[in-house]
Amino acid sequence: MSTAGFNSQNGTGTGQTYTNGPSQNPVALQQPSGVGYSVNHQPAYNQMQAKVLAPPGPALYPSGPYQPVPPGPQVGSYPPAPAQPLLPRPQIGILPSHTPPQSASPSPGPRPAQATPPAQATPPPPAVTSTSYYTGPPAWQYAAPRGPAPNHVNPAAAAPPLMSHSSAQPPGPGAPPTSIHGFTQPGDVAGNGPQAPNSYNHVDNRMAGAAPPGPPGRHLGHYPSLPPGYQNTSAPPPSSLHPALQAATQPYTQGPQPYQQQPGGPGPGPGAGPAQLSPSMAAMSLQSSTPEALRVVNLLQERNLLPPAPVPAPTPCLTQDLQKLNCSPEVFRCTLTSIPQTQSVLNKAKLPLGLLLHPFKDLSQLPVVTSSTIVRCRSCRTYINPFVSFLDQRRWKCNLCYRVNDVPEEFMYNPVSRSYGEPHKRPEVQNATIEFIAPSEYMLRPPQPAVYLFVLDVSHNAVETGYLSVFCQSLLDNISALPGDSRTKVGFITFDSTIHFYNLQEGLSQPQMLIVSDIEDIFLPTPDSLLVNLNECKELVQDLLKSLPNLFEKTMETQSALGSALQAAFKLLSPTGGRMSVFQTQLPNLGVGALQSREDPNQRASAKDVQHLSPATDFYKKLALDCSGQQVAVDLFLLSAQYCDLATLGCISRYSAGSVYYYPSYHHQHNPAQVERFQRDLKRYLTRKIGFEAVMRIRCTKGLSIHTFHGNFFVRSTDLLSLPNVNPDAGFAVQMSIEENLDDMQVVSFQAALLYTSSKGERRIRVHTMCLPVVSSLSDVFAGADVQAITGLLACMAVDRSVTSSLSDARDAMTNAAIDSLSSYRQSALTIQQPGLLAPACLRLFPLYILALLKQKAFRTGTSTRLDERVFAMYQLKYQPLAFAMLMIHPALYRLDDLSDEGALNIGERTIPQPRVLQLSVEKLSREGAFLLDAGLVMYLWIGRNCHQNFLSQVLGVSSYAAVPEKLYLLPELDTAESQRTRAFVSWLRDQRPFFPSLHIIRDESQLKPHFLQNMIEDRTESALSYYEFLLHLQQQISK
Ligand SMILES: [Zn+2]
């Protein structure tokens, strides 16, 4: 097989074979048969299709996962799923009018409407005078910023790449009956090597060696050399929390911290690894551990629902032994941590079933294994993992398809304990997250070098923003930190109405600019000298970066031939694959892919539907699919004050597995907060880990079926995503259905395997496996609900729905998701009926999160929202890992003027205060205080009019409230305890995410105040309900 295989799939551009377009991939809903989903994956889908033909209901998943439920006792007043046009339900937006907004309500128009012709270089928004923004040390520091995981010690063991004809993921159940190399391809020379004593490399423990070995009893003969992150030594501090909360406090203290397994009980005794347990022993009764999750909460009465610290992920109800080995929820999460036994139970719960993944997350501890044999199931190709069972020392049973497989000879040696005969103690069966150095049969071609091509807008508009000098300086600063090796290549293209190439061939005294003005039929002037070896030509590259900003300083060229520039870049990268970084500052208006403005500024605050959420042309999508076929990913940096039609341009990244960055109103002088964000983001972008020519496959236990993926990628087959690049900041989600009853199963497993080429040219496979219990009762399903994962998945589904159907439809569907699940809970899971709006404790935040989504930039109506900002929010919801998406949905509010060290975290020498998370309501604000709102990409520090003098002087360094500058973007570095605490907390928040949130310090009369107040989602606004009103609305619908 060769790349031609997916060329043919990707290149048609008709959309019929693609499953990942907004236009082709409607949340498994109104899809005519055959479209939008692969033909070899029929069963679950057929059912959905049958329903789809019914009038499109507002629910997000009325058809697929939602089978008609046999009418229960109370269904008379509540129509079952299939008959859910649900027209009688009033839309949120058109409820009877409300009383006038509270005084603190945001004004409806946060931004002045700007109706400007696209191509004009207009002066950006109001000038910002202060330039004293934060210039401290880099906030986002990763333990392993680039290159392979730090703890692999045997680079020599990686065989030189060989050409091989075997597929990366050999398909089909008929594995060849060959040697103990269970998955050796016929005719594959490399795989049939002699049974040499393995070149198998231990789990490296350089890190562990340095760390204290931990209590001796803890890993007695069990796993002596595990790095510290695997020893569960650091229990989360808050011990007064419910156990489930405790367990999951970890996920949010993420960022550059050791990878943590879920805390569990004591490890398995010697020789009794969980992998040896039969599945029947594995699950345990739910009763003992979930009373809190099922505690009945009357939402109308219980106001303080937020836990004091960020909401933790629930812990699946597994035996401690299994849970201890389970995958971290930071990497792998399921909306239901107890899987319903049948689709009909799932239908009754009215909750979506799906997975949320952060597969390439930076981990400071990652076991890396080099072995000539990667043990996989012969039938379904699952990688051996902690949740398989060993029948004896020679045979293991696959936990996904239940086939019994042989244990290869090599596996009998345990490199960790250096002992023989204990296959269940191998690192592969002790770690739910592990990385393999892949042998040559995992290669379609020799691993590509790291290739970086930068495509830069140099039109007048671009020069006006001043981004070019920031970009060039950033690249100069980080050029030695670009991930790669001696083969790394770079190249540059600039464009306005013409395309400019740069000859950087070694030996030239200075870079040569080559201008191609025929943009209709683009060609490469000197194909061999445009992408050059970075090491050999570094000086020329540096020369170019130093001169570029001046080169176009005086340009008057206003046109933008982006489409042609992308075509040229694609041609240049096609032979190798690589990463294309595109910087664009305006609507492309010349040549192929030219666009026209579609935004009507007068409609930004419309309470009705929003138009133009789908692409205006399929040019960018088609090109992205071509790129994907040649292992090229396109990352888009959009820096613009004007409408750029992100809905269309974003397709170039979406289908090529790239990323989209957006800096609205970027200007080097007028918007220092954006400039700093751009600089910080660039540094991270240029230096973060990268994987090339990647594919990700997600497998699950027989009976479960995956459909509908969310994120940036191209779906190559039912369970295989094509990712020309993979980066550590990308999240994914998938929806699932239950095709066959899971009657005789106690647990099921999910496995994500990411095969990629490292920047050093190694082929690697990162494997994550998660195990979850199967339950039969509806209450148990509810008890295992993961409200954040559910919200994150619903957000993805709602984005698709907004594009394929309409925004109002998506909004109704989200509201109905809350109504349906709470209604089902009341009717089918509650044993004692009582008045009120009742929810199980684990879902108590569900209505709040739904309301938050309705008020989120992506989905809100009636509030002025620029189309590009809305579309960007939609991209973010689909692409961000869950933890970051949740901050966008439900920001965190903290009081900062009374920070103390009580309950503070101690990380290294830093003491990080941990203020309580407050409800998002002006009720919680006080004029005497200072409050930080953390909304993910942006933070606001609001200073009350009567703010304590102490905070003003000790933290802000001003003498009075009136002296707080109008524009302030940084906390001054004062030598006071208050200043240190405040800065420690803010930078700790920033450290936990891979992008850089800007900080706006605002007084009460600031023009940014409406932006701050828009996040007070529990309050009523002119166009949206308060939380309490929303609850009443839900209750009314439920009791109908
Ligand atoms: Zn299997």
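This passage describes a zinc site, salt bridges, aromatic pairs and the burial of selected residues in a predicted model.

The zinc ion is a convenient place to begin. Four cysteine sulfurs serve as its protein donors, namely the SG atoms of Cys377, Cys380, Cys398 and Cys401, and they lie 2.3 Å from the metal. The angles among the four donor atoms run from 99 to 116°, and the site is tetrahedral. This assignment follows because four donors count as tetrahedral if all angles lie between 85 and 135 degrees. Along the sequence, the donor residues follow the spacing C-x2-C-x17-C-x2-C. Cysteine 377 and cysteine 401 link distant parts of the chain, being 24 residues apart. Cysteine 377 sits in the loop between strand E5 (368-370) and strand E6 (389-392), whereas cysteine 401 belongs to the loop between strand E7 (395-397) and strand E8 (404-406). With a relative accessibility of 0%, cysteine 377 counts as buried.

Attention now turns to charged side chains. Across the whole structure, the search finds 37 salt bridges. One of them joins lysine 361 to glutamate 330, with 3.3 Å between the closest N and O atoms. This pair, too, links distant parts of the chain, 31 residues apart: lysine 361 is in the loop between strand E4 (354-357) and E5, and glutamate 330 is in the loop between helix H8 (320-325) and strand E2 (332-334). Both lysine 361 and glutamate 330 are buried.

A further salt bridge is formed by aspartate 991 and arginine 910, at 3.5 Å from N to O. Aspartate 991 is part of helix H25 (residues 977-991) and arginine 910 is part of strand E30 (residues 910-912), so the contact ties together parts that are 81 residues apart in sequence. The two partners can be told apart by their accessibility. Aspartate 991 is buried, at a relative accessible area of 13%, while arginine 910 is partly exposed, at 34%.

Aspartate 1004 and lysine 1009 also meet through their side chains, in a salt bridge of 2.9 Å from N to O. Aspartate 1004 is buried, and lysine 1009 is buried as well. Salt bridges with shared partners place these two residues in one network that also takes in Arg945, Glu966, Arg1003 and Glu1005.

Aromatic contacts add to the picture, with 29 aromatic pairs in the structure. In the pair of phenylalanine 471 and phenylalanine 583, the ring centres are 4.8 Å apart and the planes meet at 55°, so the arrangement is tilted. Phenylalanine 471 comes from helix H11 (residues 467-478) and phenylalanine 583 from strand E17 (residues 578-584), so this pair ties together parts that are 112 residues apart in sequence. Phenylalanine 471 is buried, with a relative accessibility of 0%, and phenylalanine 583 is likewise buried, at 0%. A second tilted pair consists of phenylalanine 931 and tryptophan 942, with 6.1 Å from centre to centre and 40° between the planes. Here phenylalanine 931 lies in strand E31 (residues 930-934) and tryptophan 942 in strand E32 (residues 938-943), so parts that are eleven residues apart in sequence are tied together. Phenylalanine 931 is buried at 0% relative accessible area, and tryptophan 942 is buried at 5%.

Phe471 and Phe583 also belong to one aromatic cluster, whose other members are Phe454, Tyr467, Phe492, Phe637, Tyr661, Tyr663, Tyr666, Phe678 and Tyr685.

Burial can also be followed along a whole element. Helix H23 (residues 882-889) is mostly covered, with eight of its eight residues buried. These are Leu882, Ala883, Phe884, Ala885, Met886, Leu887, Met888 and Ile889.

The surface offers a contrast in setting. Met513, Ile515 and Leu551 make a nonpolar surface patch of about 270 Å². Isoleucine 515 is located in strand E15 (residues 512-516) and, at 54% relative accessibility, counts as exposed. Asparagine 304, in the loop between strand E1 (296-298) and H8, is also exposed, at 53% relative accessibility. The C-alpha atom of asparagine 304 is separated by 9.0 Å from that of leucine 918, although their positions lie 614 residues apart along the chain in sequence distance.

Conventions: Residues numbered from 1 in each chain as written. Predicted model: local features only at pLDDT ≥ 70, side-chain atom pairs only at ≥ 80, totals over all residues. Heavy atoms only, no water. Donors = N, O, S within 2.8 Å, 3.2 Å for Na, K, Ca; no water. Tetrahedral: all angles 85-135°; square planar, octahedral: opposite > 155°, others 65-115°. Helix = DSSP H or I, 4+ residues; strand = E, 2+ residues; numbered from the N terminus. Buried < 20%, exposed > 50% of the residue type's maximum accessible area, 1.4 Å probe, protein only. Patch = residues over 30% accessible without salt bridge, like charges linked within 9 Å, V, L, I, M, F, W, Y side chains within 5 Å. Areas by Shrake-Rupley, 256 points an atom, 1.4 Å probe, with all protein chains shown as cover. Salt bridge = Lys/Arg side-chain N within 4 Å of Asp/Glu carboxyl O. Phe/Tyr/Trp six-rings, centres within 6.5 Å; stacked < 30°, edge-to-face > 60°.
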